[in-house]
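Please open the structure in your viewer and keep the sequence beside it, since each stop on this tour asks you to select a few residues and look at what surrounds them.

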Amino acid sequence: MKKHINYPHILSVNGLKTYFSTERGVFPAVDGISFNINQGETFCLVGESGCGKSVTALSIMGLVAEPGNIISGSIIFEGQDLLKMKKKEMQRLRGNRLAMIFQEPVSSLNPVLKVGEQITEILLLHKDFSANDARDKGIELFRDVGIPAPEIRIDDYPHQMSGGMCQRVMIAMALCCNPGLIIADEPTTALDVTIQAQIINLMNSIKDKYNASIMLITHDLAVVAEMAQMVAVMYAGKIVEQTDINTLFESPMHPYTIGLLDSIPGYQESVSGDVKRLRTIPGIVPELNNLPSGCSFNDRCAHAFDRCFHDDPHLKLCANGHYVSCFKYDQV
């Protein structure tokens with residue numbers, strides 16, 4: 001049995017850069033980000049589509065495909081640098097201590113294999129199970145994630161299940177080997193609102209039962225509010241703000257974060273008590289191979305001044321545990 005070790009952080013990402021070199025130029029999808037995730041914590045990475053959230057997850061899992069390449073940085077998981085691991089070592093880790101729930105549950109499952117075969121395959125690969133024991137464990141996991149009649153549904157094909165049920169299967173597969181960290185990439189995006197709430201409640205209860213850490217990737221701040229303890233806001237490949245969930249909603253600092261929150265129906269009313277017109281963030285996310293000089297958000301920011309168009313701000317501590325990348329707070 002592996003001896004349990006208390007690490008300072010279950011995951012520590014430092015200066016991670018993942019670039020894509022194409023005929024159109026170099027795209028810095030992840031450009032020097034750093035963050036830590038504690039044991040038993042839900043850490044949310046939030047931002048618009050194309051900001052680098054999913055590439056961050058794929059970098060951690062060692063699944064970045066060509067023409068992508070991790071340029072520099074370190075990813076320390078349970079005391080080991082994943083970027084220094086050999087391919088076979090990463091294969092043993094994935095699905096074992098490090099698991100991922102992908103964005104599209106139906107397309108993530110193999111359509112020609114029964115869901116039971118797919119979950120037992122993981123158990124047979126990583127654990128010393130017989131085929132019968134693996135099937136029994138699969139049924140137990142299906143029951144844990146709320147799949148009705150698991151003894152019957154374990155012999156279903158993915159197309160015989162709803163999107164919500166397929167997502168529950170994906171969560172059960174992620175839990176197979178008692179992972180230390182589960183990365184969930186937009187786990188509720190393809191589901192209707194009622195099923196989204198069920199999946200959020202399920203993931204919260206699963207985290208408590210299995211004492212697993214969760215790295216949640218989403219653009220939905222309502223999901224963040226329901227699940228997160230810590231939040232990092234990404235924009236154009238960089239983290240622009242990082243703090244705990246209460247501080248983010250009560251005292252956001254970066255203009256981009258404020259814009260995201262102001263675009264949520266009812267948020268301004270809950271803060272000020274006044275009914276106001278819903279705000280939007282002007283402009284669009286810039287092409288990563290053609291970022292503006294200085295701060296990447298300068299052409300969409302109402303607070304930009306001269307320095308913002310020439311210098312690149314860096315994440316720094318502006319309050320207790322509250323990190324912001326913005327020249328507006330240089331004197332704080």
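In this predicted model, begin with the open sheet of 4 strands, whose order is β2-β1-β4-β5 and whose pairing is antiparallel. To find its borders, select residues 25-37, which form β2, and residues 80-81, which form β5; these are the edge strands, and each of them pairs on one side only. In general, the strands of a sheet pair through backbone hydrogen bonds, either parallel or antiparallel.

Keep β5 selected and add residues 68-77, which make up strand β4, and you will have two strands that pair in the antiparallel sense over 2 bridges. Within this pair, put Phe77 on display together with Gln80 of β5, as the two residues stand opposite each other.

Next, move to strand β6, residues 98-101, and ask which residues lie on each of its faces. On one side you will find Leu98 and Met100, while Ala99 and Ile101 are on the other, and with all of these residues buried, both faces of the strand are covered. Now add residues 181-185, which form strand β7: this strand runs parallel to β6, and 4 bridges join the two. One position worth labelling is Ile101, whose bridge partner in β7 is Ala184.

The following stop is strand β3, residues 42-46, where you should select Thr42. Is Thr42 buried or exposed? Thr42 is buried, with a relative accessible area of 0%. If you leave out residues up to four places away in sequence, Thr42 touches Lys207, Ile214, Met227, Ala228, Gln229 and Met230. Among these neighbours, look carefully at Lys207, because its side chain and that of Thr42 are joined by a polar contact of 3.4 Å, which falls within the 3.5 Å cut-off.

Finally, colour the cysteines and ask how many disulfides there are. The count comes to 0. Select Cys51, which is in no disulfide, and find the nearest cysteine sulfur, which belongs to Cys44 and lies 13 Å away. Cys51 is also buried, with a relative accessible area of 2%.

Then go to Cys176 and ask why its sulfur forms no bond with that of Cys177. The sulfur of Cys177 is the closest cysteine sulfur to that of Cys176, but the distance is 5.6 Å, whereas a disulfide requires the two sulfur atoms to be within 2.5 Å, and therefore they are too far apart for a bond. Cys176 is buried as well, with a relative accessible area of 3%.

Terms used. Residues are numbered from 1 along each chain as its sequence is written. This is a predicted model: local features need pLDDT of at least 70, side-chain atom pairs count only at pLDDT 80 or more; totals for chains, interfaces and linings use all residues. Side-chain values use heavy atoms; hydrogens and water are left out. Buried means under 20% relative accessible area, exposed over 50%, partly exposed in between (1.4 Å probe, protein chains only). Two strands pair if DSSP finds at least two bridges between them. A polar contact is a pair of N or O atoms within 3.5 Å; within protein, one must be able to donate a hydrogen and the other to accept it, and residues adjacent in sequence count only if both atoms are side-chain atoms. Contact means heavy atoms within 4.5 Å.
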